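Biologist: I've got this one open on my screen and would like to talk it through with you. Shall we go through it piece by piece?

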Amino acid sequence: MTEGCQSPAHCGLLHHCSPSSSDVGTTIDPLPLSKRRLLQDDSERDRDGGNFSRRKGQSLKHFRKKSGKSYNGSSKKQPLPPGPYPWPIVGNLFQMGKIPHIRLAEMAQVHGPLMTLRLGQQITIVGSSASAASEILKTHDHLLAGRDVPRLLQGKESIVHNMNLVFTSGTGDGWRKIRNLYASKIFSSKALESRVDMREKKVMEMVKYIASKDLVDFEGSGIGAGIKDSVRRLSTLGAQPQIADLYPIFGRWDLQGWKKQVVQIIEQELGTIWEDILQKKTSGSNTSSDHQDFTDILIEKGSTHQQINAMMQELFTAGTESMNFTTEWLVAELLRNQEIMQKVSDEVRNKIDGNVVKESDLVHFPFLEACLKETLRLHPPGPLLLPHRAMQTCEVMGYTIPKDSQVMVNIWAISRDPKIWDDPLSFKPERFVGSEMHYKGKDFEYLPFGSGRRMCPGEALSSKTILLSVASLILNFDWFLVNNTMNPEDLNMDDALDFPLYKKEPLHVTFKLRHQLKTC
Ligand code: HEM
């Protein structure tokens, strides 16, 4: 633990906001956001529906506590005041570009651990401390575990309505049923154990593929290439602010053409990939596998093709990029930190004879696991989680959260908070060695997979797969930055957020085979 940082300039968060790291193509002020812009002055607040009347010089926190008003300015028991709301606030959302997690962390330093943003008519609550996270994800989880589904995908006519987790706005029977199905048939220890051979086989295929190709040219091919491209476009589109969400009156029109594109990806592109497989399975003409997989279980249970497609799309969309990008960040951090790389290499190479790592070997690699934890601390794929929704009006930390507010927790800010973490910006896996802190959702200082009802169901699958992949890459290859010309410490580690958070400059690595691969 270190002493709390008094000045934002010392906290380390601001260094990410230098002009070079702000998103190209947006109109972000080249200077770090000034207090003037974050705390709009009183006259601006007065135009904002006239609901703020803080005296000049009175701190916002003091005003809120003393007046008993909520973060959106309304008295606790009063309904929200009607608009109109000024465009400059919406402008702020767009100006956050692809680094809202950084902008919001800066704002939290000025406004405190629980903030309200009003974006159009949408109220967004952002928690940015471990105690705010605990209040939102534990104490009030039963009320705040709703999902904020984009307005254009709401309603019974929507293709994904109540058919997967991410696009189900409540936590009622339908959502619970799918969650239980995933928990028992995909992510339980038994289900994961039953597919261990497949994961080990796939990782060895990757090793052999890399051994036979120049990875720089690797783009993927066959069915995977289509999925990869569709998932990327879906993630990018999903991160775009929607006018229909900010101004519900526009909800009946697809003004930005967003819905059309999302429907095209979900129905035509991803949907058709599985449709073909499902058709073959239901007609009995699929002979490719004798192993029962999740789609077979769903078919047996009488799920429709539309339901199965919705779940498969969700699993691929939520699972592929978050795991890929975490692996990329981990490889980048190891390349940048040669001493740590040496320690991990010794751990893996001294333990394994031959060139195959089994999942059962992972227990012998505690330092590698610490490296994964440290990677997820610095580069969580969901830095703001996925937006929650308040299913009822409730009170958090003494402030009113109106029903249907969008609720976010800035876990990126929490896991770089100097009040919690010693030397928070440095990659120091040792901090997790012998520590009880885990990503299982119990430690509110560290929540890469979230916590509570909406916590990521894929946590166990992810950690196993990433550790197995990286351990196999370490065992079989020496790693170099492409052409080996760059000093690894100079690697650009800037990030950008769609969902998930990705490395802005993709990592290019040459893997040099250490020994002959046995064919098995
Ligand atoms: C490094 C890997 C991963 C990380 C860090 C991660 C993180 C997250 C986070 C932060 C959330 C949002 C939690 C919230 O809103 O409170 C989430 C949700 C979700 N994740 Fe993951 N995830 C990962 C991999 C996966 C995988 C492999 C799958 C499935 C194959 C998956 C499936 C899901 C689903 C279905 C949800 C939505 C849950 C719901 O709304 O009830 N994730 N994940």
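Biologist: Which residue in S7 stands opposite valine 126?

Modeller: Keep in mind that this is a predicted model. S2 covers residues 122–127 and S7 covers residues 406–409, and the two pair in the parallel sense over 4 bridges. Valine 126 falls within residues 122–127 of S2, and its opposite number in S7 is methionine 408.

Biologist: In what order do the strands of that open sheet run?

Modeller: There are 5 strands in it, with mixed pairing. S1 (114–119) and S3 (146–147) are the edge strands, each pairing on one side only. Put the remaining strands between those edges and you read S1-S2-S7-S4-S3.

Biologist: At about what angle to S7 does helix H6 run?

Modeller: H6 is residues 130–139, and this helix lies across S1, S2 and S7. Its buried residues pack against those strands as well as H7 (141–144), S5 (394–396) and H18. Relative to S7, H6 runs at about 135°.

Biologist: Why is H6 described as largely enclosed by the rest of the structure?

Modeller: Look at which of its residues are buried: Ala130, Ala132, Ala133, Ser134, Glu135, Ile136 and Leu137. Glu135 is on that list too, alongside several alanines. H6 is largely enclosed because the buried ones make up 7 of its 10 residues.

Biologist: Over to the ligand. Which helix gives the largest share of the shell around the ligand?

Modeller: The shell has 26 residues, and the closest are Gly319, Gly382, Gly450, Cys456 and Gly458. Two elements give two or more residues to it, helix H15 (305–336) and helix H19 (459–476). The largest share is 7 residues, and the helix behind it is H15.

Biologist: How many residues of that shell are nonpolar?

Modeller: Sort the shell by class and you find 3 charged residues and 8 polar ones. The nonpolar residues number 15.

Biologist: Which residue does UniProt list for "binding site"?

Modeller: The listing comes from an unreviewed entry. The residue sits in the loop between H18 (411–414) and H19, and it is among the closest to the ligand in this model. The record's pick is Cys456.

Biologist: Is cysteine 456 buried or exposed?

Modeller: Leaving out residues up to four places away in sequence, cysteine 456 touches Phe449 and Gly450. A residue needs 20 or more other C-beta atoms within 10 Å to count as buried. Cysteine 456 has 24, so this residue is buried.

Biologist: What is the phi of leucine 385, roughly?

Modeller: Most residues other than glycine have a negative phi. Leucine 385 sits in the loop between H17 (366–378) and S4 (388–389), and is buried, with 26 other C-beta atoms within 10 Å. Though not a glycine, leucine 385 has a positive phi of about 55°.

Biologist: And aspartate 423, is that one buried or exposed?

Modeller: Aspartate 423 also has a positive phi, about 45°, without being a glycine. You'll find it in the loop between H18 and H19. With 11 other C-beta atoms within 10 Å, aspartate 423 is exposed.

Biologist: Zooming out, what percentage of the residues in the protein is buried?

Modeller: The protein has 19 helices and 11 strands. Among contacts between residues at least 6 apart in sequence, 74% join residues at least 24 apart. Of the 520 residues, the buried share is 35%.

Terms used. Residues are numbered from 1 along each chain as its sequence is written. This is a predicted model: local features need pLDDT of at least 70, side-chain atom pairs count only at pLDDT 80 or more; totals for chains, interfaces and linings use all residues. A residue is near a molecule or strand if its C-beta atom, placed from the backbone, lies within 6 Å of it. Ala, Val, Leu, Ile, Met, Phe, Trp, Tyr, Cys and Pro count as nonpolar, Asp, Glu, Lys and Arg as charged, and the others, Gly among them, as polar. UniProt positions are given in the numbering used here, feature names are shortened, and annotations may be inferred rather than shown by experiment. A residue is buried if 20 or more other C-beta atoms lie within 10 Å of its own, exposed if 12 or fewer, and partly exposed in between; C-beta atoms are placed from the backbone. Two residues are in contact if their C-beta atoms, placed from the backbone, lie within 7 Å. Two strands pair if DSSP finds at least two bridges between them. Axes are lines fitted to C-alpha atoms, for helices over the stretch in contact, and angles run from 0 to 180 degrees between N-to-C directions.
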